[in-house]
Amino acid sequence: MIKKSLRTIQELESYLTLTVAEKEAILTLSQRGGLPLRITQHYLSLINPQDPNDPLRLQVIPQQAEFKPVELERRDPLGEEDHEVVPHLVHRYPDRVLLLITDRCASYCRFCTRKRWVGQGPTPNLNHLEKALVYVAEHTEIKEVIISGGDPMILDDKKIEILLQKIRAIPNIDVIRFHTRMLTFEPTRITDKLVEIFKKYQPIYIVSHFNHPNEIAPETEQAILKLVDQGLPVLNQAVLLKNINDNSETLTQLFRKLTHLRVRPYYLHQCDIAPGTEQFRVPLLRALELVKSLRGHLSGLCLPTFVIDIPGGFGKVPMFPSPIVAQNSDCITLEGFAGEQANYPLQ
Ligand SMILES: *Cc1c(COP(=O)(O)O)cnc(C)c1O
Ligand code: SF4
């Protein structure tokens, strides 16, 4: 299913010349362990080999900064282990659960929030799945199952079908959400057969993960259309990443391109405080300025909600510079996107 992926310096060097620093980082990684190195040939083909700062390259090729200890960073930034009700099932919000069905991905993102576990296991098995589904069926307040990982599309069609079948058989479950980065890393994984499987277990929402417009190749567009033309809604989550997409032109281009393809930009995440991710984090006040510069200029359809996942696992909160610039007992003063202000009565 994954046509080809590369995991070593030698393999990578047949596509691009690694810098000395990148080679050192890859060697450090092989000594220390951690989130593995793996990049699909497809994703590599989208990288400009001449540019050491290519925005896709920076997402998947390790840098020395990955090994720098930063005091405020946390092994499990979202406190998922504390909210794990049975192994690999995270129940943080009342009406929905997160099912981590595999730790494997087609390529590994160096900023991954679950880098403590992703690509390293333990890999969930059928026994874990059965226990998770018993929990979901016993907690009838749960209406939605979010299938994530790792990347659930790494499973073969048969396993995906069994998984969907089992979840669909639980009467309290309405929506199934399927989080995947396969549209980015290996778009040909979206076969007609896979789409037919998804269609049998509707309502299913596919949530993609695109961070940069260069990640959308012609094959990617075809894969997205396969889904949306068959009535499978696709939403996108992006991560705000320093020197990769932290400017209004790149984000505008990304969100417009996705909306054109009928992928609704859903969340833009501030990068979580996983270990060794400082080089990816945009300082928060600058991030808020950036978000402000998009609002109003970009159609509401194109605009995702900028969120921070509160460290410790207290949920995602939307972040935006407040439009309320003044307040008294009668009214508030609101500022529009172009800077004009007016009062609005409180009663
Ligand atoms: C993000 C997340 C969800 C989904 O949250 P939405 O705001 O509905 O997208 C559910 N469970 C966990 C544990 C999450 O981290
Ligand atoms: S695809 Fe998702 S789970 Fe896999 S490494 Fe990237 S961010 Fe982490």
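1. Thr140 is found in the loop between α5 and β6, and, since this is a predicted model, everything said here about that loop and its surroundings describes a computed structure. With a relative accessible area of 49%, Thr140 is partly exposed, because the word exposed is kept for values over 50%. Thr140 and Ala169 are 29 residues apart in sequence, and their C-alpha atoms are 13 Å apart in space.

2. The helix on one side of this loop, α5 (residues 126–138), has a partner in helix α6 (residues 157–168), and the axes of the two come within 10 Å and cross at roughly 20 degrees. The helices α5 and α6 are therefore roughly parallel to each other, because angles under 35 degrees count as roughly parallel. The crossing in which α5 passes α6 is right-handed. On the α5 side the contact is made by Leu129, Glu130 and Leu133, and on the α6 side by Leu163, Lys166 and Ile167.

3. The strand on the other side of the loop, β6, belongs to an open sheet of 10 strands, which follow one another in the order β3-β4-β5-β6-β7-β8-β9-β10-β11-β12 with mixed pairing. Strands β3 (84–86) and β12 (316–318) stand at the edges and have a single partner strand each, so one side of each is left without a neighbour in the sheet. On average, and with direction ignored, neighbouring strands of this sheet are turned by 30 degrees against each other.

4. Both senses of pairing can be followed around strand β5 (residues 96–100), a strand that is mostly covered, with 4 of its 5 residues buried. Strand β4 (residues 89–93) runs antiparallel to β5 and is joined to β5 by 3 bridges, with Val90 standing opposite Leu98 in β5. A hairpin joins β4 to β5 through 2 residues. Towards β6, by contrast, β5 pairs in the parallel sense over 5 bridges, and here Arg96 stands opposite Glu144 in β6.

5. Glu144 deserves a second look, since its side chain has a partner of its own. Which residue forms a salt bridge with Glu144? The partner is Arg177, and the closest N and O atoms of the two are 2.6 Å apart. This pair links distant parts of the chain, with Glu144 in strand β6 (residues 144–148) and Arg177 in strand β7 (residues 175–179), 33 residues apart. Glu144 is buried, and Arg177 is buried as well.

6. Further along the sheet, strand β9 (residues 234–240) runs parallel to strand β10 (residues 263–270), and 7 bridges join the two. Within this part of the sheet, Asn236 stands opposite Pro265 in β10. Helix α10 (residues 248–260) lies across β9 and β10 and runs at about 145 degrees to β10. Helix α11 (residues 284–294) also packs on the sheet, where it touches β9, β10 and β11 (305–309), and its direction makes about 160 degrees with that of β11.

7. Salt bridges deserve a point of their own, and a student may wish to recall that side chains of opposite charge can pair when their charged atoms come close. How many salt bridges does a search of the whole structure find? The search finds 25 of them. One is formed by Glu13 and Lys23, whose closest N and O atoms are 3.2 Å apart. Glu13 lies in helix α1 (residues 9–13) and Lys23 in helix α2 (residues 20–32), so this pair ties together parts that are 10 residues apart in sequence. Glu13 counts as partly exposed at 31% relative accessibility, and Lys23 is partly exposed with a relative accessible area of 31%.

8. In another salt bridge the side chains of Asp192 and Lys226 meet, at 3.2 Å from N to O. Asp192 lies in helix α8 (residues 192–200) and Lys226 in helix α9 (residues 218–229), so the pair ties together parts that are 34 residues apart in sequence. Asp192 is exposed, with a relative accessible area of 52%, whereas Lys226 is partly exposed, its relative accessible area being 31%.

9. Salt bridges may also be joined into a group, and which residues are linked in a network of salt bridges? The network links Arg75, Asp76, Glu80, Glu81, Arg114 and Arg116.

Notes
Residues are numbered from 1 along each chain as its sequence is written. Chains are lettered from A and ligands numbered from 1 in the order in which they are written. This is a predicted model: local features need pLDDT of at least 70, side-chain atom pairs count only at pLDDT 80 or more; totals for chains, interfaces and linings use all residues. Side-chain values use heavy atoms; hydrogens and water are left out. A salt bridge is a side-chain nitrogen of Lys or Arg within 4 Å of a carboxyl oxygen of Asp or Glu. Buried means under 20% relative accessible area, exposed over 50%, partly exposed in between (1.4 Å probe, protein chains only). Two strands pair if DSSP finds at least two bridges between them. Axes are lines fitted to C-alpha atoms, for helices over the stretch in contact, and angles run from 0 to 180 degrees between N-to-C directions. Contact means heavy atoms within 4.5 Å. Angles under 35 degrees count as roughly parallel, over 145 as roughly antiparallel, 65 to 115 as roughly perpendicular and the rest as oblique. A crossing is left-handed if the near helix is turned anticlockwise from the far one by less than a right angle, and right-handed if clockwise.
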